[in-house]
Amino acid sequence: MKVLGISYGRKMSNTEILVKEALMGAKDAGAEIEFVRMQDLTIKPCTGCNACVISLFEKAGSGDCVITGDDFVFIDEKILEADGLIIGAPIYEKMAPGHLKNMADRQGPGHDLAFRTIAKKIRAEHGITHGKGPDERSFKQRAASLIAVGGSEWDNLALPMMHLSTVSMQIEVVDKMLINWIALPGMVALHDEKLERAYQSGKHVVESLKGNVEEAKYIGDKGVCPLCNSKLFEIRNAENGQMAVCAVCGVKGDLEVSSNEVSFIVQPHEAALAHVKLSGKFNHARELKEVSLVPHPNVAALPEKLEKYKNFIEASRPSK
Ligand SMILES: Cc1cc2nc3c(=O)[nH]c(=O)nc-3n(C[C@H](O)[C@H](O)[C@H](O)COP(=O)(O)O)c2cc1C
């Protein structure tokens with residue numbers, strides 16, 4: 001069993017130390033471990049070319065990203081090889097760093113487990129042997145622990161963003177840790193209880209992988225969403241009959257507030273649509289095929305409509 005630790009933080013600083021503690025736990029629990037510091041890598045942003053989706057949906061291809069000239073293939077390969085992941089990120093502007101978002105976008109639809117499953121099925125049904133299909137390692141179960149480290153309590157979007165970065169590949173998040181008030185480089189090494197918590201997190205990733213990951217215990221702070229333990233919601237004030245949407249798994253439900261607790265009530269048919277579930281991903285694939293990828297009835301008029309914008313203004317660019 002392989003566990004990969006990924007740190008988006010500074011070299012030998014707080015995030016890296018916590019990720020390494022978790023890796024020590026994973027190693028002691030019997031895993032083979034590896035560590036990647038994302039600041040050593042260059043990950044270009046997604047360009048929105050959609051080649052990954054076209055590859056899966058129209059060619060039953062691999063879904064691989066076509067951007068070259070950076071380190072994405074290196075880290076993608078490490079993630080595909082891994083069973084367990086320890087993902088650590090410093091909090092920047094209440095969010096995870098842009099590097100993590102670049103990774104999430106680059107994996108994005110091309111790594112979506114439902115999309116890859118559909119492409120694999122089409123290949124099998126039609127006996128397609130030419131070209132490359134989805135990587136077989138996409139289909140194995142994975143578990144992750146998420147560790148966010150911030151210098152204050154400005155943290156609201158950090159763990160939700162980190163959780164979202166695991167959704168496409170259907171990685172089961174079995175622990176989330178939020179470490180506040182650690183700002184100066186390396187200071188977390190002086191907090192034994194936080195180090196111990198990270199060590200146990202790494203161990204738990206390995207224990208989770210020994211059984212059925214989908215049934216693994218979640219040991220992080222109990223969230224409000226029963227599907228993904230998120231505490232971040234968009235309030236929609238009973239739009240379509242439901243009051244709120246979980247910002248991570250997208251499930252719709254009703255919020256019930258008692259004197260000291262908020263509960264999120266989700267009906268079973270809505271729970272099946274959660275983006276953290278494979279059933280929710282298949283539903284998303286169906287929606288795309290039936291709605292957003294269907295050309296507008298007046299598509300023939302598009303080239304003429306675009307003329308208005310084509311020559312309206314030139315984009316300013318830096319001189320080379
Ligand atoms: C650009 C930038 C933005 C930051 N924004 C936040 C923030 O919104 N909330 C917070 O708690 N800490 C914030 N911090 C502090 C870091 O999260 C903190 O120093 C953390 O320990 C860095 O992790 P590292 O030592 O692993 O790099 C910010 C730091 C930087 C460099």
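## A two-domain model and its ligand shell

Of the 20 residues that surround the ligand, Gly9, Ser13, Thr15, Pro90 and Gly150 come nearest. Please keep in mind as you look around that this is a predicted model. Helix H1, which covers residues 14–28, supplies the largest share of the ligand shell, with 3 residues. Sorted by class, the shell holds 8 nonpolar, 7 polar and 5 charged residues.

Let us turn to the sheets. Five strands make up an open sheet, and their order is E2-E1-E3-E4-E5, with parallel pairing. Its edges are strand E2 (32–37) and strand E5 (172–179), each of which pairs on one side only. On average, neighbouring strands of this sheet are turned by 15° against each other, if direction is ignored.

Two strand pairs are worth a closer look. Strand E1 and strand E3 run parallel and are linked over 5 bridges; here isoleucine 6 stands opposite isoleucine 87 in E3. Strand E8 and strand E9 run antiparallel and are joined by 4 bridges. In that pair, leucine 255 stands opposite phenylalanine 264 in E9. A hairpin of 4 residues connects E8 to E9. The table sets the two pairs side by side.

| Strand pair | Residue ranges | Sense | Bridges |
|---|---|---|---|
| E1 and E3 | residues 2–7 and residues 84–90 | parallel | 5 bridges |
| E8 and E9 | residues 252–257 and residues 262–265 | antiparallel | 4 bridges |

Now for the overall division of the protein. The assignment gives domain 1 (2–220) and domain 2 (222–320). Their C-alpha centres lie 22 Å apart. Domain 1 brings 14 residues to the contact, and domain 2 brings 13 residues. On the side of domain 1 that touches domain 2, helix H5 (113–126) and helix H6 (158–167) are the elements that give two or more residues. By class, this side of domain 1 has 8 nonpolar, 4 polar and 2 charged residues.

Helix H5 also meets helix H9, which spans residues 278–292. The axes of these two helices come within 8 Å and cross at roughly 70°. Angles of 65 to 115 degrees count as roughly perpendicular, and H5 and H9 are therefore roughly perpendicular to each other. Which residues meet where H5 and H9 are in contact? From H5 come Leu113, Ala114, Phe115 and Ile118, while H9 offers Leu278, Lys281, Phe282, His284 and Ala285. By class, this helix contact consists of 7 nonpolar, 1 polar and 1 charged residues.

To bring the main points together: the ligand shell draws its largest share from H1, the open sheet of 5 strands is parallel, and H5 is among the elements on the side of domain 1 that touches domain 2.

Definitions and conventions. Residues are numbered from 1 along each chain as its sequence is written. This is a predicted model: local features need pLDDT of at least 70, side-chain atom pairs count only at pLDDT 80 or more; totals for chains, interfaces and linings use all residues. A residue is near a molecule or strand if its C-beta atom, placed from the backbone, lies within 6 Å of it. Ala, Val, Leu, Ile, Met, Phe, Trp, Tyr, Cys and Pro count as nonpolar, Asp, Glu, Lys and Arg as charged, and the others, Gly among them, as polar. Domain bounds come from an automatic or database domain assignment. Two residues are in contact if their C-beta atoms, placed from the backbone, lie within 7 Å. Axes are lines fitted to C-alpha atoms, for helices over the stretch in contact, and angles run from 0 to 180 degrees between N-to-C directions. Angles under 35 degrees count as roughly parallel, over 145 as roughly antiparallel, 65 to 115 as roughly perpendicular and the rest as oblique. Two strands pair if DSSP finds at least two bridges between them.
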